[in-house]
Amino acid sequence: MNEWNRSDLTLFIEKGRTGLVYFFTPLCGTCQLAGKMLQVVENLVDLEMGKMDLNYYPDLAERFAIESVPCLLLVRAGQVVKTIYAFHSVPYLLGEIKVELMGTDA
């Protein structure tokens, strides 16, 4: 998963794209586990995905009402349709992605 900067995120949103935006902090142990889960997800779905270190973008925490990390935003056509904090498992994430972004049942 590519690490995005502010310009990457802005382009993604303004162009009305669909995909995942993962917010993390490097010292968060749960974030490390979530990142590994997302690496698996990335190999299973054909969606644009980016990750951002929230330490560098505190204003985005306010903009997207991010309460904690890890945080995964599911974005469809440039709009956040779901925010996930509890990643549970790869099958759980795939189910949420299929329902929210791909329009199919889990």
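What follows is a friendly exchange about how features of this predicted model earn their labels.

Reader: Let's start with the overall layout. How many helices and strands does the protein chain have, and in what order do they run?

Author: The chain has four helices and five strands. Starting at the N terminus, the order is β-α-β-α-β-α-β-β-α.

Reader: What makes the protein chain as compact as a globular protein of its length?

Author: The comparison is between two values. The radius of gyration is 13 Å, and the globule rule gives 13 Å for 106 residues, so the chain is as compact as a globular protein of that length. Along its principal axes, the C-alpha trace spans about 35 × 30 × 20 Å. As for burial, 44% of the 106 residues count as buried.

Reader: How do you know what share of the contacts join residues at least 24 apart?

Author: Take the contacts between residues at least 6 apart in sequence: 64% of them join residues at least 24 apart. Gly78 gives a picture of such separation, since its C-alpha atom is 10.0 Å from that of Leu9, 69 residues away along the chain.

Reader: Why is Gly78 called buried?

Author: Its relative accessibility is 6%, and the cut-off for buried is under 20%. Gly78 is therefore counted as buried. This glycine sits in the loop between β4 and β5, and beyond its sequence neighbours within four places it contacts Ile13, Gly16 and Arg17.

Reader: And Thr25, which also lies in a loop: why is Thr25 counted as buried?

Author: The same test applies. Thr25 has 16% relative accessibility, so it counts as buried, the limit being under 20%. Its loop joins β2 and α2. Setting aside neighbours within four places, Thr25 touches Cys31, Asp53, Leu54, Asn55 and Val69.

Reader: Now to helix α4. How do you know that its length agrees with what is expected?

Author: At 1.5 Å a residue, the 12 residues of α4 should span 16 Å, and the end C-alpha atoms are 16 Å apart, so the two agree.

Reader: What makes Ser89 a cap for α4?

Author: A side-chain oxygen of Ser89 lies 3.1 Å from the backbone nitrogen of Tyr92, at the N-terminal end of the helix. A polar contact needs N or O atoms within 3.5 Å, and the 3.1 Å of this pair fits that limit. After the helix comes Gly103, with a positive phi near 70 degrees.

Reader: Which residues of α4 are buried, and what do they pack against?

Author: The buried ones are Val90, Leu93, Leu94, Gly95, Glu96, Ile97, Glu100 and Leu101. They pack against β2, α2, β4 and β5.

Reader: Glu96 is on that list. Why is Glu96 called buried?

Author: Its relative accessible area is 16%, which makes Glu96 buried under the 20% cut-off. Further than four places away in sequence, Glu96 touches Leu74, Lys82, Ile84 and Leu101.

Reader: What makes up the largest nonpolar core?

Author: This core has 21 residues, and Leu20, Tyr22, Val41, Leu72, Phe87, Leu93 and Ile97 touch the most other members. At least two core residues come from each of β2, α2, β4 and α4. A second, separate core has 16 residues, including Val21, Phe23, Cys71 and Val75.

Reader: Which residues does Leu93 touch?

Author: Beyond four places in sequence, Leu93 touches Met37, Leu38, Val41, Leu72, Ile84 and Phe87.

Note on methods:
Residues are numbered from 1 along each chain as its sequence is written. This is a predicted model: local features need pLDDT of at least 70, side-chain atom pairs count only at pLDDT 80 or more; totals for chains, interfaces and linings use all residues. Side-chain values use heavy atoms; hydrogens and water are left out. A nonpolar core is a set of buried Ala, Val, Leu, Ile, Met, Phe, Trp, Tyr and Cys residues joined through side-chain atoms within 4.5 Å. Buried means under 20% relative accessible area, exposed over 50%, partly exposed in between (1.4 Å probe, protein chains only). Contact means heavy atoms within 4.5 Å. The expected span of a helix is 1.5 Å times one less than its number of residues. A polar contact is a pair of N or O atoms within 3.5 Å; within protein, one must be able to donate a hydrogen and the other to accept it, and residues adjacent in sequence count only if both atoms are side-chain atoms. The radius of gyration is taken over C-alpha atoms; the globule rule is 2.2 Å times the number of residues to the power 0.38.
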